[in-house]
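Morning, everyone. One structure today, and I'll go through it piece by piece. Have a look at it first.

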Amino acid sequence: MIVLGIESSCDETSAALVKDGEELLSVVVATSMDLHAQYGGVVPEIAARSHIEAIIPVINEAIKQAQLTWAAIDAIAVTYGAGLGGSLLVGVLTARTLAIIYKKPLYAINHVEGHVYANFLVKTALPDFILPKYPPKFPLLALIVSGGHSQLVLFRDHFDYTLLGQTHDDAIGEAFDKVAKIIGLPYPGGPSVGKKALEGNNYAFSLPKARMQSKYDFSFSGLKTAVLRAAQEMVGHDYSLPSYELPGLLNDAQKADIAATFQRVAIETVVDKAISAYNEFKPVNVVIAGGVAASPELRKQLAERLPIAVKYTDPKLCTDNGAMIATLGCYYAMLGRPSADPYTLEIAPNLSM
Ligand code: KG4
Ligand code: ZN
């Protein structure tokens, strides 16, 4: 079973070929990240336009790298939500067209669920990928942390899961991106805050952790505002100081302390919930997925606090990519799940799990 996966929900245009839900044959990612960097976040119109330019070359390259032809591809899987409307449209319309032309079944994939499936890839002949030796086992606790999502999900089996909790406002990656902007570090904020944090004190000042009514839910908007207030105070101003003046007023040591303290608290927030869920549900495996799963601080805190080893994949497969979509697509096909109608499949920008 060979599936072509297509992903275009945010600023990455990606295509990949995956065999039997376990072997990565190829993955190509084109990102418009550099075009968004000057704005400190993704500009939807720019992202959509970049997808239009990139999508066909990216798909052709993925097929070429896998040394396959269309005849060898059994099905197409595409992200239809959640994500930016204009971005999703490009991937979905392309996948629909290809499914009709080449007469392949089309599977509509939930992006967030897809992130978890990056962890099921255990084989590849491609250089530079370090994959786990075995796929995760059910029941499986998944902590999905990205620029658009912060979710804790319990999978009893493939396609049988419960959403335990999610963010009420910003996603954790979004909080990293906004804090990076406050202290003048480049976008995306996760890697740049993580790097700066290495020079700072993790306990430089105190930051609040949001208390939520529902035990596994998150909130990051208060934390981001608390960081802004702390930064304004550090440079001797009150809340009326415009945030865009902060990067010029904070010295390097202050920036490092803010990065380190924010990162510790943001990561602790999700790790606290993951540990509670582990204790309640005693899953066989715990996986982390999404862009923030590449964070060394997250991996470190989980390793220190979880009684079992957390599973994660190569950082290149943590951020958005077509391989995770193709992998979940393989399970749709292998387990006989219904395919989508290529003539009518619509995007679902607000799709939840
Ligand atoms: O999964 P992803 O590529 O896109 C979404 O579906 O949102 O995640 C992107 C997010 C960004 O917010 C970025 O700052 C964060 O993942 N990120 C990281 C790291 N690499 C990317 N956060 C923390 N540490 C990293 N190394
Ligand atoms: Zn994502």
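**Loops, ligand and cysteines**

I'll start in a loop. Asp-128 sits between strand β6, residues 123–124, and strand β7, residues 140–145. One caution before I go on: this is a predicted model.

So, Asp-128. Its phi is positive, near 70°, and it is a residue other than glycine. Is Asp-128 buried or exposed? Exposed, at 63% relative accessibility.

There is another positive phi to look at. Lys-103 is not a glycine, yet its phi is about 55°. Lys-103 is in the loop between α3 and β5, with β5 covering 106–110. It counts as exposed because its relative accessible area is 73%, and the cut-off for exposed is over 50%.

Next, the cis peptides. Gly-81 and Ala-82 are joined by a cis peptide bond, with omega about -15°. Ala-82 belongs to the loop that runs between β4, residues 75–81, and α3, residues 85–102.

Tyr-187 and Pro-188 are also joined by a cis bond. Omega there is about -5°. Where is Pro-188? In the loop between α5 and α6. Keep those two helices in mind for the ligand.

Now to ligand 1. How many residues surround it? The count is 19. The closest are Gly-147, Gly-148, Asp-177, Gly-190 and Gly-291.

By type, the shell has 5 nonpolar residues, 12 polar and 2 charged.

Which helices supply at least two residues each? They are α4 at 111–117, α5 at 172–182 and α6 at 189–197. The largest share comes from α6, with 3 residues.

Why does the ligand lie between the two domains? Because both give residues to its shell. Domain 1 is made of 2–132 plus 315–334. Domain 2 is 140–311.

Now the polar contacts. I have three to show, and each involves an oxygen atom of the ligand.

Take His-111. A polar atom of the His-111 side chain is 3.2 Å from an oxygen of ligand 1. Then Gly-173, where the partner is a polar backbone atom, at 3.1 Å from a ligand oxygen. Then Gly-190, again through a polar backbone atom, at 2.9 Å from an oxygen of the ligand.

And the burial of ligand 1? Taken alone, the ligand exposes 550 Å². The protein buries 89% of that.

On to the cysteines. How many disulfides are there? The count is 0.

Take Cys-318. It is in no disulfide. Its nearest cysteine sulfur belongs to Cys-10, and that is 16 Å away. Cys-318 is buried, at 2% relative accessible area.

Then Cys-330. Why is there no bond here? Because the closest cysteine sulfur, in Cys-318, is 19 Å from the sulfur of Cys-330, too far for a bond. The cut-off is 2.5 Å between the sulfur atoms. Cys-330 is buried too, with 0% relative accessibility.

Last, some single positions and distances. I'll take three residues in turn.

Thr-269 first. It is in helix α9, which covers residues 252–281. Buried or exposed? Thr-269 is buried, at 7% relative accessible area. From Thr-269 to Glu-280 is 11 residues along the chain, and their C-alpha atoms are separated by 17 Å.

Next, Leu-207. That residue is in the loop between α6 and α7, where α7 is 221–234. Leu-207 is in a loop, but it is buried, with a relative accessible area of 13%. How far apart in space are Leu-207 and Gly-5? The C-alpha atoms are 41 Å apart, with the two positions 202 residues apart in sequence terms.

And Ala-294. The loop here joins β10, residues 285–289, to α10, residues 296–305. Ala-294 counts as partly exposed, at 29% relative accessibility. Ala-294 and Asn-60 are 234 residues apart along the chain, and 28 Å separates their C-alpha atoms.

To recap the ligand. Both domains give residues to the shell, so ligand 1 lies between them. The protein buries 89% of the area that the ligand exposes alone. And α6 gives the largest share of the shell.

That's it from me. Over to you.

Terms used: Residues numbered from 1 in each chain as written. Chains lettered and ligands numbered in written order. Predicted model: local features only at pLDDT ≥ 70, side-chain atom pairs only at ≥ 80, totals over all residues. Heavy atoms only, no water. Near = heavy atom within 4 Å. Polar contact = N/O pair within 3.5 Å; in protein donor to acceptor, adjacent residues only side chain to side chain. Areas by Shrake-Rupley, 256 points an atom, 1.4 Å probe, with all protein chains shown as cover. Helix = DSSP H or I, 4+ residues; strand = E, 2+ residues; numbered from the N terminus. Nonpolar A, V, L, I, M, F, W, Y, C, P; charged D, E, K, R; others polar. Domains from an automatic or database assignment. Buried < 20%, exposed > 50% of the residue type's maximum accessible area, 1.4 Å probe, protein only.
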